Amino acid sequence: MKGIKKSLTEEYLYLDFSHQTEGCILPLHTSVTLFLLSYCDCRIFKVCLVLTKEGTDSSPLRDVLSQDIEIQLISRQELPPIVQNCCLPAAVEQPDNFCRAGLAVVLRHIIQKSYETDPSKKEILELLGFKKTCLKACAEVSQWTRLCELTIPLAIENFLRESSEQAAAIPVEILELEKKLSEPVRVHNDDKLRRQKLKQQKAASIEPAQAKGQAKSQVHPLEASEESDSASQSLELKVAFSKLTVQEGPAATSREPSHIRKAKASDLPPLEHVFAEGLFFTLADIVLLPCIHHFLVIICKKFSERLTEFPLLASWYQRIQEVPRVKTAASKCGIQFLHLPELLTTPNEHCPQLSEAPSGEEQSDPLFIGGPRPTMTKLMEKGIEVMFSPHPCPTWTLDWNSLPAAVSPKEGRMSSDRALRKQQQLNNLVYVVMNQAKPGDRIVDFCSGGGHVGIVLAHMLPSCQVILIENKELSLIRAKKRSDELGLSNIWFIQANMEYFAGMFNIGVALHACGVATDMVIEHCIKTRASFVTCPCCYGFIQNTSRFNFPKSEQFKKTLSYKEHMILCRFADQTAVQLPPQRRLIGKQCMCLVDLDRARAAEERGYSVQVISMEPESCSPKNNMIVGVPV
């Protein structure tokens, strides 16, 4: 891809081989990764299966894996140290200080490396979808990434395990996927495609009427509907498979009729799913195929009468076999496709009504009053006021002029004014961390971006191990380049969502972690009983997630509803310098109250926590620090 040069370094790919369930020799994350390697015909990685239990029988591998796939079996103790701190799958460049971990990150990397090795394989790069964003968003903020990467593989592995002993319930995640496949498809040019579909539907309904008379529509409406559905479905299939076979998609040979051009958008027929994300075959289909295959094997074997509950999923499973190279790749990984009976597709008939946050109770709260002032007054009546702890050393600063150029943020792509403010932000965080760190400590820079915090800490604390964790590849590559210029040997780089980092550490730090990312950092630190130094950002993006509910602390929960807390979060983002002073003051107070809730929640779990305003306050509109130490 643009900005990434072809790498000549040797790479190892480490995959889990931890358990065997009925009909599934390998963990699903491993099956998915091997399937993608086979589909891409990618041979640039040295693949290692990691035996997490001594004495695991590896003989079944010969029956499910093609001889084309060269695999080495190793124990967990043989993993490079950086990988031992991550959840698998993981890919590592030599030398062992740059690791990519987690299913979505590793799969996207395999696609990029395959394309770099052979740029003629443009269909491989197309797996990343429009704008190359397929499964790029982390699972915490993207429900779709979470469903594909985490919840469906886990739910199906549990289903396989339970079904070997008793009749297992259908995973709710499968029902959620069936519902997803019934929803209208949205693509960047859907207006044009929907007008073509409307034209097809009109043609399909007019031709039979001309042949059999105008009364047909009244006598046989179902037949006309079925013919219309059949004709319109061909448009989606034609668009999808024309791309896979490197042909031009359907194009209008002449200008559309007036009644088609003038049709309102609300009157246009929706586009239906061909593949998991819509009309085109993407990485999401690669991830789902091994999972759904093993699910359907058990369904057909033990609960065949329930197959009718998943007509759209069954259609998708059959359609995906028509994609070039899929059958060949699947056979090399031990996937022998099932021949399913024809099912009547009835969208939405079996789709569950899945609850969505926020709940209806919150939406209809009769006591809710909008605006920040009533909410702050409500807190004051309960003794909760805006209060900052004193800054431990407001005038302290690093001697930036004496530091190597690659340490300074001025070496990055930013203006001199912004670089100065970044230095001031770093002064605050680095001072707190340096006063807590001891020789031999491990410090993790979460959401590290280009490494401004982590590189300074690694340079200033050579006796400590510093780990940078970041989801964006290009940012981490820039950080590594700066580190290499400095010759730092006490630094690791991990491209992953932070939940894939499983190592122990002493201090966690995050500068401007966006929205709930700050809460994820604090939670990660609390679980490890590590100190934390965080500077939150993007308060307006805070919302309830699968892991967090707001307010977080018992003290705030007793006083504020979810809606009232969200009012504080939205106004906490109104601290930009161009806003009127009074509005900025209210924004700063709301920031403090949101962070006090975070601090109180950590205190309830055995931490001493301070909310401190960085100095000078002009260093950033988001200038709060939350500093927590386990007690």
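**Exercise 1.** In this predicted model, find the residue that stands opposite Arg-100 of S5, then work out how S4 and S5 run and how many bridges join them.

*Solution.* Start at Arg-100 in S5 and look straight across: you land on Ala-91. Now zoom out to the strands. S4 covers residues 90-93 and S5 covers residues 98-101. The two run antiparallel, with four bridges holding the pair together.

**Exercise 2.** Place that pair in its sheet: what is the strand order, and which strands sit at the edges?

*Solution.* Walk across the sheet strand by strand, and you get S3-S2-S1-S4-S5-S8-S7-S6-S9-S10-S12-S11. That's an open sheet of twelve strands, and its pairing is mixed. At the ends you meet S3 (71-75) and S11 (607-613), each with a pairing partner on one side only. As for twist, neighbouring strands are turned by 20° against each other on average, ignoring direction.

**Exercise 3.** Which strands do H17 and H20 pack on, and at what angles do these helices run?

*Solution.* Take H17 (residues 416-436) to begin with. Helix H17 touches S6 (442-446), S9 (507-514), S10 (531-537) and S12 (624-630). Its direction makes about 160° with that of S9. Next, H20 (residues 517-528) lies across S6, S9, S10, S11 and S12. Check H20 against S10 and you find an angle of about 175°.

**Exercise 4.** Is Thr-534 buried or exposed, and why?

*Solution.* Locate Thr-534 in strand S10. Its relative accessibility is 0%, and the cut-off for buried is under 20%, so Thr-534 counts as buried. Then see what surrounds the residue: leaving out anything up to four places away in sequence, Thr-534 touches Ala-510, Thr-518, Val-521, Ile-522, Asn-624, Met-625 and Ile-626. For the wider context, 52% of the protein's 631 residues count as buried.

**Exercise 5.** Describe how H12 and H13 pack: what are the angle and the distance between their axes, and which residues meet?

*Solution.* A packed helix pair is described by the angle between the axes and the distance between them. For H12 (residues 283-302) and H13 (residues 311-320), the angle is about 115° and the axes are 11 Å apart. The crossing is left-handed. Now list the contacts. H12 brings Asp-285, Leu-288, Leu-289, Ile-292, His-293 and Leu-296, while H13 offers Leu-313, Trp-316, Tyr-317 and Ile-320. Sort them by class and you get eight nonpolar residues, one polar and one charged.

Conventions: Residues are numbered from 1 along each chain as its sequence is written. This is a predicted model: local features need pLDDT of at least 70, side-chain atom pairs count only at pLDDT 80 or more; totals for chains, interfaces and linings use all residues. Side-chain values use heavy atoms; hydrogens and water are left out. Axes are lines fitted to C-alpha atoms, for helices over the stretch in contact, and angles run from 0 to 180 degrees between N-to-C directions. A crossing is left-handed if the near helix is turned anticlockwise from the far one by less than a right angle, and right-handed if clockwise. Contact means heavy atoms within 4.5 Å. Ala, Val, Leu, Ile, Met, Phe, Trp, Tyr, Cys and Pro count as nonpolar, Asp, Glu, Lys and Arg as charged, and the others, Gly among them, as polar. Two strands pair if DSSP finds at least two bridges between them. Buried means under 20% relative accessible area, exposed over 50%, partly exposed in between (1.4 Å probe, protein chains only).
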